Amino acid sequence: MDCIFCKIIKGEVPSSLLYEDEYMIIIKDISPQADKHYLLIPKRHYQSIVHMSGYDAFVLAKCLRKLGELTEELGLGGGFRIASNVGENGCQSVPHLHFHILGGEKLSEKMG
């Protein structure tokens with residue numbers, strides 16, 4: 001595969017790794033749009049939530065729960081936003097499910 005996130009997960013491409021477990025990694029976004037802008041990336045490759053299996057949904061729930069446990073450590077204690085772009089109209093730039101986590105400051109009420 002020529003997936004940049006799969007290469008990051010395998011350690012073939014450097015990243016600012018903040019957290020890793022058997023299901024996911026959390027890295028700093030290279031083009032931050034907030035004081036804290038991270039990417040939560042499941043290790044298993046699938047394009048988006050549209051392409052998830054039942055097992056993928058189970059793993060994703062574990063990932064989101066772990067994110068909840070890491071909020072203070074990641075500097076997100078004051079609140080944060082989670083977003084996942086899906087498909088061309090959703091401006092998904094990498095076809096590997098991932099979640100943008102934005103926080104560390106008061107965010108705009110506008111989503112875009």
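This note goes through the sheet, the helix packed on it and the nonpolar cores of a predicted model.

1. **Sheet layout.** The sheet is open and has 5 strands. Their order is β1-β2-β3-β5-β4, with antiparallel pairing. β1 (17-20) and β4 (80-83) are the edge strands, each pairing on one side only. On average, neighbouring strands are turned by 20° against each other, direction ignored.

2. **The β2/β3 pair.** These two strands pair in the antiparallel sense, over 5 bridges. For register, take I25: its bridge partner in β3 is I41. Strands of a sheet pair through backbone hydrogen bonds, either parallel or antiparallel.

3. **Helix on sheet.** α2 packs on the sheet and touches β1, β2, β3, β4 and β5. The direction of α2 makes about 45° with that of β2.

4. **Helix geometry.** Does the length of α2 agree with its residue count, or disagree? At 1.5 Å a residue, its 17 residues should span 24 Å. The end C-alpha atoms are 25 Å apart, which agrees.

5. **Two faces of α2.** The buried residues in α2 are D56, V59, L60, C63, L67 and L70. Seen down the helix axis, they fall within an arc of 105°, so they line one face of α2. An α-helix has 3.6 residues a turn, so residues three or four places apart point the same way. The buried residues of α2 pack against β1, β2, β3, β4 and β5. G54 and R65 are exposed, on the face turned away from the buried side.

6. **Main core.** The largest nonpolar core has 17 residues. I26, L40 and L74 have the most contacts inside this core. Four elements give two or more residues to it: β2 (24-28), β3 (36-42), α2 (54-70) and β5 (99-103). α2 supplies the largest share, 5 residues. Nonpolar side chains tend to be buried together in soluble globular proteins.

7. **L40 in detail.** Which residues does L40 touch, not counting those up to four places away in sequence? The contacts are M24, I25, I26, C63, L67, H98, F99 and I101. Two of these names, C63 and L67, also appear among the buried residues of α2.

8. **Second core.** A separate core of 10 residues is also present. Its members include F5, I25, L39 and V94. I25 is thus worth viewing from several sides: I25 belongs to this second core, has I41 as its bridge partner in β3, and is touched by L40.

Definitions and conventions. Residues numbered from 1 in each chain as written. Predicted model: local features only at pLDDT ≥ 70, side-chain atom pairs only at ≥ 80, totals over all residues. Heavy atoms only, no water. Core = buried A, V, L, I, M, F, W, Y, C linked by side-chain atoms within 4.5 Å. Buried < 20%, exposed > 50% of the residue type's maximum accessible area, 1.4 Å probe, protein only. Contact = heavy atoms within 4.5 Å. Pairing = 2+ DSSP bridges. Axes fitted to C-alpha atoms, helices over the stretch in contact; angles between N-to-C directions. Expected span 1.5 Å × (residues − 1). Arc of directions from axis to C-beta.
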